[in-house]
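Work through the exercises below with the coordinates open, and compare each of your results with the solution that follows it.

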Amino acid sequence: MHLPAIPTYYNAVEILERNLPERAGKVALYSAARCLSFGEVAAEVNQVGHALKALGIRFGDYVAILAPDSPEWVTVFFATLKIGAVHVGLNTLLKPQEYAYMLRDSRTRALVVHQALLPAILEIREQLPQLEHVIVIGDDVPEGSLRYADWISGQPTELAAEATHRDDICTLNYSSGTTGDPKGIPHAHKDLPLTAQLWGVNVLGLREDDRTFATAKLFFTFGTGGNLLFPWYVGASCILLAGPPRVAANVLNTIQQFQPTILYNAPTSYAALLAMENLGDYDFSSLRLCVSAGESLPAPIWQGWKERTGLDIIDGIGCTEIYHIFISNRPGDMRPGSSGKPVPGFEVKLMDDAEQEVAAGDIGNLWVKGPTTALFYLHQYEKSRRTFRGEWLVTGDKYRVDEDGYYWHCGRSDDMLKVGGIWVAPTEVESTLLRHNAVLECAVIGMNDGAGLTKPRAYVTLQPGYEPTDTLAEELIAFCREHMADYKRPRWIEFMAELPKTATGKIQRYRLRG
Ligand code: 3UK
């Protein structure tokens, strides 16, 4: 196994700058808006770095970005790292109060936001005194904010990188849990090249002539790693799609236009592509490999994709705490339906609830150990102590290993759901439903949608005076859409006279799961 030695003082902007000067003229980034060479990206990164410094942003300060995948997302990301500040990647699908929490928790001083997402920020800006600077990508810039293009124009295109320690924090991503606030997960500069080498190169076999395309957005580490860090680490190019990946046509058109060799996608999106009647009209000949992560990929989807496109899908499990994938299938060694084998460089073990290793073949709690593991959750002492156990990380997943060493996902040890590869806390959906006048009690569980993928299903009892009708069910779903990110909405509402409960009145979710 090849593991690069990271110098003591290391700044992860090196993943971009290692391409200079040799690949200065090579296209680093394809997008509908602009295509940029490595030289052009590096120059704009330096301008953004100067512009951040001119605002007084220094080592250790937090700089957030809330934008669709775009050249600006990338330049702000690397500029933040380069000056020794910490990048906060915000999920573009959230609601204003969720942004308020994350911006406050991270004490973000500067936020770069796309104009389409600006209203959510303007709504909460007054609650955030520490948010000194808002920079807007676009032309529609309100009083008190800066316009990205003006902000960087005239700034020098040369900038010396801050001599960060390899263990200095450089990124923060928020992940949600069953209870409490989202958890800010910090990663160090060293984690970025290590994950690129351990999985991107050693397992996936990325090459300089590759072109990657991810439907997973850059604000997830699945996207940042797969579609930015890994390709640039080997001198390959990436393709960014600003639009929503849930529109299958967007994905297919991007493949036609930019001809990727590698596609990263979540299982739901493979299922959506397979459901398209005219899939056969599209040309997939540029692709050599497909990747799936975020939730487990059912074997029928793997087979369906193979039959329709001739392509293999590499399924691997990763998590934000590790940065990327740590158990994976690999080209030439795949077992459809399984997550594959531990990635060299990582160790895994399956533990029972008493924290002893389970017997061979039994289901256990997955613990993992490896050199890219985060050390803690920001501002969450108790949750950190339960999850980060010395060298080991408790993932919250249930797994079993077969006699050939392949790992099979058997669900979660908490009630958390992965929907389209993104976390949904049933408790959040329940508390949203409870805000509706008609709802007396409710319970949300994950349900197989028929393609082997999980979607939220809500069981609801009604307040006196309300009738269980289809119209009310639709109204409740619409209410959820309005008050939460769209993907969290229940897909089915089932009205019940009573919810199953224990003698002490606790809702028995397992009985609803049947
Ligand atoms: C689940 C999977 C079965 C699992 C991620 C690749 O998903 C990523 O990170 P998150 O922090 O969630 C982690 C959790 O998601 N999961 C992810 N992949 C699979 N379950 N099969 C899979 N292939 O519960 C895990 O604990 O959002 C994935 C790379 C980087 C990532 N951050």
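Contact here means heavy atoms within 4.5 Å. The model is predicted, so local features need pLDDT of at least 70 and side-chain atom pairs count only at pLDDT 80 or more, while totals for chains, interfaces and linings use all residues. Residues are numbered from 1 along each chain as its sequence is written, and side-chain values use heavy atoms, with hydrogens and water left out.

**Exercise 1.** Determine whether H324 is buried or exposed, and list what H324 touches.

*Solution.* Start with the position: H324 is found in the loop between β14 (313-318) and β15 (325-328), strands being DSSP runs of E with at least two residues, numbered from the N terminus. Next, the relative accessible area of H324 is 3%, and H324 is buried because that term covers values under 20% (1.4 Å probe, protein chains only). Finally, not counting residues up to four places away in sequence, H324 touches T195, W199, T221, F222, G225, G226, F230, I317, G318 and C319.

**Exercise 2.** Describe the contact between domain 1 and domain 2.

*Solution.* First take the bounds, domain 1 (37-164) and domain 2 (415-513), which come from an automatic or database domain assignment. The contact takes 5 residues from domain 1 and 9 residues from domain 2. Then compute the buried area (the accessible area, with a 1.4 Å probe, that two parts lose on being put together, summed over both): about 390 Å², 53% of it on carbon and sulfur atoms. L93, K95 and E98 supply 82% of the area that domain 1 buries against domain 2. Last, look for salt bridges (a side-chain nitrogen of Lys or Arg within 4 Å of a carboxyl oxygen of Asp or Glu): the count between the domains is 1, and E98 forms a salt bridge with K488, with the closest N and O atoms 3.3 Å apart.

Technical notes: Helix = DSSP H or I, 4+ residues; strand = E, 2+ residues; numbered from the N terminus. Buried < 20%, exposed > 50% of the residue type's maximum accessible area, 1.4 Å probe, protein only.
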